[in-house]
Amino acid sequence: MNRTTLSLIAGTAALAAVTGFAALNPPDAVGADTAKAAAQQPVERTSLVCPAPSTSDIADTSYTSFTPVTQGTGSSGTAELRSAAQESADGTGSAKSDSKDTKADGKDAKTDAKKAAKSVLTPKEPGTPAVGDTSGGDAPGLLGTAEGKFAPGWTVQETTQVAVGSGRGVLGVSCTPPDTEFWFPGVSTLADRTDYLHMTNPDDSAAVVDIGLYGKDGALASTVADGITVQPHSSEPILLSTLTSEKQDGLTVHVTVRSGRIGATVQALDDKLGGDWLAAAADPADSLVLPGIPKDATDVTLVVFTPGEADADLKVRLASPSGLITPAGHETLHVKSRMTTTLDLADVTRGEAGSLVLTPTGQSVPVVAALRVVRGKGSGQETAFIPATSPVGTRATAADNSAKGTTLSLTAPQGTAQVKVTASAGSGGGTPQSKTYTIKSGTTQDVELPVPSGLKGTYALTVEAVSGGPVYAARMLAVTKDDVSGFTVQTLPDDRGTVAVPEADQDLSVLQQ
């Protein structure tokens, strides 16, 4: 192999270790000796972005940062969350769009920048959560960076409680790494829904973003002629109903970044059913898993979109505690090309833990999907969203858990698996505790959680694969405040805390494929 190829691969490996956004994985055809030589090394730098939490004056928001202890890291490192407005390139925190009418109201960027004079939080040590909080409706989006010992598996949870008004309840979201493409099945432009697409640019140059909306009949006509610009180190909320004159429920939003990169999340606020964040769904695939449907869900709606040129025919199954079952009357689902299809599954879990599993009936056609889940009845109804997600992989974490109100749901759709769950020390004290669980093939289990002994404050749950097939996980957080009950669900994909770095003396010519 020539030196140029070796230098290119070594450079890619180094970039992966620094950023946490790249991994050098051998192709399937590479032999076992080659795969063994590619060691897993901790990433050295991780970036996350958090959306502006709420426009409600009575909103209370907490941020919880956690990094699991990872072998192979050094003794130094830092992690910090700061206001996107404060770090704006022009010093004002402003973010300009090509269409002023699409922005959220009531945001004075200079006020945001002045208010956020200090970091929201600065973690002190891996293995122990760090917390920060804010209140009111003018809190900005956040930019986060972790380096050294804080980088591998760094997780930040943003949780907001709103007692009354549109979108009341608990709104939770895991802050996300920046990317260049996002899918959001399940948004709405109806009058009783207020859905904002929050975009945050962590970089030094502007990002240009294109937004497409797809309904039951295909692409919706857009009122925005060209892309939307998100200024450097800024956050931009876009009211989706201003992007089209058509009023539909069960839409899919496709966000693509022409230049730069952003973090993106949808805040869906319902006048009657509360609200929550809709995180981006997993990339299009022919088989998808949507884990952690609450056992007491009163209404579940599946939203599926096919981005390709072929129609998709899917088998719909529920992974229950006893195994895979087919919801009565919903054995299959036909999804037309570039159209969004919804399926009303009602109270599909019927008092038991459950996860939805979608697989092709024949031809493999990639799709994206998400669930809208309602709990409660009458005026006490609340909403959350569960996007299709990737497996736990090596390790995944959910921060901001309490002694009561936390449910961890694990599903193994393709084979029996064993996982280890660790409850960290509390943010105010306590001793970590771990348990190991066996999840039978095709089942979902709401597991009895370990709780830190002497717990004070909140704690993190870290799930690690031990053996067997892939495991998918979701955490539900239920909170009651001022007699208002709310809940939120976050999926737990792999935290990408390590990357495969080939050894320097390995013959890497096989990687030129």
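Which side chain meets that of Glu382 in a salt bridge? In this predicted model, the partner is Arg168, and the N to O distance between the two side chains is 3.2 Å. This pair belongs to a structure in which a search of the whole finds 13 salt bridges, and the points below take up some of these contacts, followed by one sheet.

**A salt bridge between buried residues**

- Glu382 and Arg168 link distant parts of the chain, for they stand 214 residues apart, with Glu382 in strand β26 (residues 382-387) and Arg168 in the loop between β7 (155-162) and β8 (169-174).
- Both Glu382 and Arg168 are buried.

**A salt bridge between partly exposed residues**

- Arg258 forms a salt bridge with Asp226, and the closest N and O atoms of this pair are 2.6 Å apart.
- Because Arg258 lies in strand β15 (residues 251-259) and Asp226 in the loop between β12 (218-219) and β13 (228-230), the pair ties together parts that are 32 residues apart in sequence.
- Arg258 has a relative accessibility of 47% and therefore counts as partly exposed, while Asp226, with a relative accessible area of 48%, is partly exposed as well.

**A salt bridge that involves strand β27**

- The side chains of Arg395 and Asp495 meet in a salt bridge, with 2.6 Å from N to O.
- Arg395 sits in strand β27, whereas Asp495 sits in the loop between β36 (484-491) and β37 (498-502), so that the pair links distant parts of the chain, 100 residues apart.
- Arg395 is buried, with a relative accessible area of 9%, and Asp495, at 17% relative accessibility, also counts as buried, because the cut-off for that class is under 20%.
- Elsewhere, Arg193, Asp195 and Asp249 are joined into one network by salt bridges that share partners.

**The sheet that contains β27**

- Strand β27 is one of four strands that form an open sheet, in the order β27-β34-β29-β31, and the pairing in this sheet is antiparallel.
- Strands β27 (395-401) and β31 (433-439) stand at the edges, where each has a single partner strand, so one side of each is left without a neighbour in the sheet.
- From one strand to the next, the twist in this sheet averages 20 degrees.
- Strand β29 (residues 417-423) runs antiparallel to β31, and seven bridges join the two strands.
- Val421 stands opposite Lys435, a residue of β31.
- In general, the strands of a sheet pair through backbone hydrogen bonds, in either a parallel or an antiparallel manner.

Definitions and conventions: Residues are numbered from 1 along each chain as its sequence is written. This is a predicted model: local features need pLDDT of at least 70, side-chain atom pairs count only at pLDDT 80 or more; totals for chains, interfaces and linings use all residues. Side-chain values use heavy atoms; hydrogens and water are left out. Two strands pair if DSSP finds at least two bridges between them. Axes are lines fitted to C-alpha atoms, for helices over the stretch in contact, and angles run from 0 to 180 degrees between N-to-C directions. A salt bridge is a side-chain nitrogen of Lys or Arg within 4 Å of a carboxyl oxygen of Asp or Glu. Buried means under 20% relative accessible area, exposed over 50%, partly exposed in between (1.4 Å probe, protein chains only).
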